[in-house]
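This report describes a single protein chain, beginning with its surface and ending with the confidence of the model.

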Amino acid sequence: GEGSTEERNEDPATNGTVLSGTDSRHVSITLGSGTAALYVDGSLLTDDPYSLTPKDVVGANMFLGESQYSVDAEFDGRLDEVAGFDRALSATELADN
C-alpha cells in the first residue's frame with residue numbers, strides 16, 4: 001500500500017537537502033556499480049548503496065516531477081534539458097553536460 005518510504009522499499013538519496021528558491025539548479029542522479037549518486041550544481045551531495053540499475057526499471061512506472069503514490073508531493077518547478085544515458089556518467093562528464 002501507500003505509506004512511508006520504508007513501506008514502499010524506497011531510499012530517497014537526498015542527504016536531507018531541500019532545494020528551494022527560484023534559481024536554476026543542475027541536478028544529476030547516476031545509478032551504477034551498486035551506487036546511487038546525487039549531484040547538485042556539479043557537487044556530489046551523497047552516494048549510497050543502491051541495488052537497482054536503469055535496466056531494472058525500464059518498462060516500469062517512471063515519473064519525473066510526480067509519483068505513482070498519491071501521498072507523495074508533486075514537484076513544484078520546471079524541468080529543462082532532461083537526458084538519459086545507458087551508463088552512469090562520471091563527475092567530469094556530468095560537469096560537461
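The accessible surface of the chain in this predicted model comes to about 7,800 Å², and carbon and sulfur atoms contribute 47% of that area. Of the 97 residues in the chain, 12% are buried.

Part of the surface forms a nonpolar patch of about 430 Å², to which L64, F75, L79 and V82 contribute. One of these residues, L64, is located in the loop that connects α1 (54-57) with α2 (91-96). L64 counts as exposed because its relative accessibility is 60%, and exposed means over 50%.

As for the fold, the chain contains three strands and two helices. Read from the N terminus, their order is β-β-β-α-α. Among contacts with a separation of 6 or more, 35% link residues that are 24 or more positions apart.

Confidence varies along the chain, as the following table shows for two elements.

| Element | Place in the confidence ranking | Mean pLDDT |
|---|---|---|
| Strand β2 (residues 35-40) | highest | 88 |
| Helix α1 | lowest | 69 |

The average pLDDT of the chain is 77, and 76% of the residues score at least 70. Over residues 1-7, however, the pLDDT is below 50. In the model this stretch has 10 contacts beyond near neighbours in sequence. Predicted coordinates should not be read in detail where pLDDT is low.

Notes: Residues numbered from 1 in each chain as written. Predicted model: local features only at pLDDT ≥ 70, side-chain atom pairs only at ≥ 80, totals over all residues. Heavy atoms only, no water. Helix = DSSP H or I, 4+ residues; strand = E, 2+ residues; numbered from the N terminus. Buried < 20%, exposed > 50% of the residue type's maximum accessible area, 1.4 Å probe, protein only. Contact = heavy atoms within 4.5 Å. Areas by Shrake-Rupley, 256 points an atom, 1.4 Å probe, with all protein chains shown as cover. Patch = residues over 30% accessible without salt bridge, like charges linked within 9 Å, V, L, I, M, F, W, Y side chains within 5 Å. Salt bridge = Lys/Arg side-chain N within 4 Å of Asp/Glu carboxyl O. pLDDT = per-residue confidence, 0-100.
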